[in-house]
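Got your viewer open? Let's take a walk through this structure, one selection at a time.

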Amino acid sequence: MIASITASARVVARTAFRSNAVVAPRAFNVRMMNAVRFASTTRYTTDHEYVQLDDTTNIGTVGITDYAQKALGDVVFVELPQVDSEVTQADPIGAVESVKAASDIYAPVSGVVTEINEQLNDQANLLNKDSEGRGWLCKIKLSNPSEFEALLSEKAYKAHCEGESE
């Protein structure tokens with residue numbers, strides 16, 4: 001992600017120099033800040049769930065990682081939590097069933113479920129196609145933001161996965 005941020009900065013700079021345009025420092029800084037903020041707003045659990053936090057609303061989008069969906073195989077059913085239910089970090093909030101196995105989904109953070117991905121009721125295989133995008137599971141309004149900060153960074157999560165596969 002850092003490489004793409006740097007690449008974006010180079011493109012903006014090149015465009016400005018070629019056209020003799022003046023790039024407003026504020027606009028450039030806002031772009032850089034948004035890219036950096038986005039890069040640091042996804043955290044992971046050792047159970048292979050992720051949370052993408054929108055820090056303006058304090059709502060985290062929860063799902064299973066690509067690593068998890070590959071390990072599960074073809075997903076055939078997803079059980080999701082109820083909207084407006086209170087969840088506690090590390091408690092089961094649903095399940096995923098595949099042709100190979102069934103696996104519980106654990107709440108990566110505590111809070112209130114504000115939305116579920118209704119599409120998964122009819123298209124459970126969205127988890128296989130786009131687990132970290134359109135295959136998200138639910139959205140949780142965080143009650144304790146420090147729980148999010150304590151989760152694994154992308155680098156730490158990758159190291160965790162590499163350790164599991166050895």
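How do the residues of the lining of the second largest pocket divide into nonpolar, polar and charged? They split into eight nonpolar, two polar and three charged. Before you click on anything, keep in mind that this is a predicted model.

**Stop 1: the pocket**

Start by selecting Asp47, His48, Ala68, Ser103 and Asp104. The second largest pocket has a volume of about 160 Å³, and of the 13 residues that line this pocket, those five are the closest to its centre. Now colour helix H3 (66–72) and strand S7 (102–106), since each of them supplies at least two residues of the lining.

Stay with serine 103 for a moment. You'll find serine 103 in strand S7, and with 31% relative accessibility it counts as partly exposed. Next, add leucine 72 to your selection. Serine 103 and leucine 72 are 31 residues apart along the chain, yet their C-alpha atoms are separated by 8.2 Å.

**Stop 2: salt bridges**

How many salt bridges does a search of the whole structure find? The count is four, and we'll visit some of them.

Select arginine 43 and glutamate 149 and show their side chains. These two meet in a salt bridge, at 3.4 Å from N to O. Arginine 43 sits in strand S1 (residues 42–44) and glutamate 149 in helix H6 (residues 145–150), so this pair ties together parts that are 106 residues apart in sequence. Is arginine 43 buried or exposed? Arginine 43 is buried, because its relative accessibility is 16% and buried means under 20%. Its partner, glutamate 149, is partly exposed at 49%.

Now hop back to helix H3 and pick lysine 70 and aspartate 66. They form a salt bridge too, with the closest N and O atoms 3.1 Å apart. Both residues lie in helix H3, four residues apart, which is about one turn of the helix. Lysine 70 counts as exposed at 56% relative accessibility, while aspartate 66 is partly exposed at 30%.

For another pair within one helix, go to helix H7 (residues 154–165). Glutamate 154 makes a salt bridge with lysine 158 there, and the closest N and O atoms are 3.3 Å apart. Because these residues are four apart in helix H7, about one helical turn separates them. Glutamate 154 is partly exposed at 42%, and so is lysine 158 at 47%.

**Stop 3: a nonpolar patch**

Switch to a surface view and select Val76, Phe77 and Val99. Together they form a nonpolar patch on the surface, with about 300 Å² of accessible area. Click on phenylalanine 77, which belongs to strand S4 (residues 75–79). Phenylalanine 77 counts as partly exposed, with 42% relative accessibility.

**Stop 4: two loops**

Last, check some backbone angles. Select asparagine 58 in the loop between strand S2 (49–54) and strand S3 (59–64). Its phi is near 65 degrees, a positive value in a residue other than glycine. Asparagine 58 is partly exposed at 21% relative accessibility.

Then move along to aspartate 84, in the loop between S4 and strand S5 (86–87). Aspartate 84 isn't a glycine either, but has a positive phi of about 75 degrees. Is aspartate 84 buried or exposed? With 60% relative accessibility, aspartate 84 counts as exposed.

Conventions. Residues are numbered from 1 along each chain as its sequence is written. This is a predicted model: local features need pLDDT of at least 70, side-chain atom pairs count only at pLDDT 80 or more; totals for chains, interfaces and linings use all residues. Side-chain values use heavy atoms; hydrogens and water are left out. Patches are made of residues with over 30% relative accessible area and no salt bridge: like charges are joined within 9 Å, nonpolar side chains (Val, Leu, Ile, Met, Phe, Trp, Tyr) within 5 Å. Accessible areas come from the Shrake-Rupley method with a 1.4 Å probe; for residues, only the protein chains shown count as cover. Buried means under 20% relative accessible area, exposed over 50%, partly exposed in between (1.4 Å probe, protein chains only). On a 1 Å grid over the protein atoms alone, a cavity is a set of points where a 1.4 Å probe fits but cannot get out, and a pocket is an open set with protein on both sides within 12 Å along at least five of seven lines; lining residues have an atom within 4 Å of a point. Grid points are joined across faces, edges and corners, and a volume is the space filled by probe spheres set on the points. Ala, Val, Leu, Ile, Met, Phe, Trp, Tyr, Cys and Pro count as nonpolar, Asp, Glu, Lys and Arg as charged, and the others, Gly among them, as polar.
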